[in-house]
Structure formats: structure tokens, C-alpha cells
Amino acid sequence: MIDWINDPMLQNMDPLKIELIKTAAAQTAGKNGKALPPVLMSLIMSANRKGIRFSSEEITLILTILKQGKSEQEQKQIDKTVEMVSSMMTKYQK
């Protein structure tokens with residue numbers, strides 16, 4: 001498990017984003033991979049309501065954090081679900 005709070009990407013990140021990430025990490029601690037996509041989507045939606053937008057690099061970092069300690073199969077499930085939701089969101093925005 002990496003010590004994500006010390007990740008260099010967080011050094012210049014908005015403190016509000018960091019708090020949202022901490023909340024998501026706490027909500028997924030000890031849960032299986034199926035619980036992660038809804039938490040990630042909730043995190044993004046909550047941020048959007050507050051006018052906060054995560055970059056693709058930040059989303060990647062969040063996924064890395066949320067996948068810590070999960071099996072390879074669970075990590076693949078998370079990636080697949082995120083891809084599906086991203087595709088749906090792209091279609092919705094058009």
C-alpha cells in the first residue's frame with residue numbers, strides 16, 4: 001500500500017479536492033471492488049456541485065488510491081465500470 005497522502009501530485013492540489021479524496025478513501029476502506037465505482041461517481045458529482053472539476057490525472061490518482069489493497073480482479077472490475085460510466089457520460093454531454 002502506498003502512502004497516497006504524500007503523493008507529489010497532492011502538493012499543488014486544491015485542499016477541497018484533497019478533503020473529498022480523503023472522504024472517498026475512508027468510505028471505501030475495507031470494501032470490495034464493487035463498492036468503489038459508486039463512491040468515485042459520488043465524489044465526482046459532489047465536487048461538480050461545488051464547482052470543483054478533477055483533471056484526468058487527478059481521477060487517475062483517485063482510482064489508484066481507491067484500488068489500494070484490492071485484488072487484481074477487483075481492480076479490473078473497477079476499471080471496467082469506470083470506462084463504462086465515462087463512455088456514458090461522454091454520450092450524455094453531447
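Setting aside neighbours within four places in sequence, L10 is in contact with W4, I5, I18, I21 and L61. This residue is a good place to enter the structure, which is a predicted model. L10 is one of the residues that touch the most other members of the largest nonpolar core, along with I21, L40, L43, F54 and I62. That core holds 24 residues, and the elements that each give two or more residues to it are α1 (15-28), α2 (36-49), α3 (56-66) and α4 (72-93). In soluble globular proteins, nonpolar side chains tend to be buried together.

A few overall figures help to set the scene. The protein has four helices and zero strands, and its elements run α-α-α-α from the N terminus on. Of its 94 residues, 38% are buried. Among contacts between residues at least 6 apart in sequence, 63% join residues at least 24 apart. The average pLDDT is 76, and 87% of the residues score at least 70. Confidence is highest in α1, with a mean of 83, and lowest in α4, with a mean of 73. Where pLDDT is low, the predicted coordinates should not be read in detail.

The packing of the helices can be followed pair by pair. Two packed helices are described by the angle between their axes and the distance between the axes. For α1 and α2, the axes come within 10 Å and cross at roughly 160 degrees. An angle over 145 degrees counts as roughly antiparallel, so α1 is roughly antiparallel to α2. The crossing of α1 past α2 is right-handed. On the α1 side, the residues that meet α2 are L20, I21, A24, Q27 and T28; on the α2 side, they are L36, V39, L43, S46 and A47.

The next pair is α1 and α3, whose axes lie 10 Å apart at an angle of about 30 degrees. Since angles under 35 degrees count as roughly parallel, α1 is roughly parallel to α3. Here K17, I21, A24, A25 and T28 of α1 make the contact with E58, I62, I65 and L66 of α3. Again, α1 passes its partner α3 in a right-handed crossing.

The pairing of α2 with α3 has an angle of about 145 degrees and axes 11 Å apart. This crossing, too, is right-handed. From α2, the residues L36, L40, L43 and I44 take part, and they meet I59, I62, L63 and L66 in α3.

Two residues deserve a separate look, beginning with L66 in helix α3. What is the relative accessibility of L66, and is the residue buried or exposed? The value is 3%, and L66 therefore counts as buried, the cut-off being under 20%. Leaving aside neighbours within four places in sequence, L66 is in contact with A24, A25, T28, L36 and L40. L66 thus appears among the α3 residues that meet α1 and among those that meet α2. One of its partners, A25, is 41 residues away along the chain, yet the C-alpha atoms of L66 and A25 are separated by 5.9 Å.

The second residue, F54, is placed in the loop between α2 and α3. F54 has a relative accessible area of 15% and is therefore buried, as this value falls under the 20% cut-off. Not counting residues up to four places away in sequence, F54 touches K17, L20, I21, L43, A47, I59 and I62. Among these partners, I21, L43 and I62 are, like F54 itself, listed with the core residues that touch the most other members. For the pair F54 and L43, eleven residues apart along the chain, the C-alpha atoms are separated by 9.9 Å.

Conventions: Residues are numbered from 1 along each chain as its sequence is written. This is a predicted model: local features need pLDDT of at least 70, side-chain atom pairs count only at pLDDT 80 or more; totals for chains, interfaces and linings use all residues. Side-chain values use heavy atoms; hydrogens and water are left out. A nonpolar core is a set of buried Ala, Val, Leu, Ile, Met, Phe, Trp, Tyr and Cys residues joined through side-chain atoms within 4.5 Å. Buried means under 20% relative accessible area, exposed over 50%, partly exposed in between (1.4 Å probe, protein chains only). Contact means heavy atoms within 4.5 Å. pLDDT is the predictor's confidence in each residue, from 0 to 100. Axes are lines fitted to C-alpha atoms, for helices over the stretch in contact, and angles run from 0 to 180 degrees between N-to-C directions. Angles under 35 degrees count as roughly parallel, over 145 as roughly antiparallel, 65 to 115 as roughly perpendicular and the rest as oblique. A crossing is left-handed if the near helix is turned anticlockwise from the far one by less than a right angle, and right-handed if clockwise.
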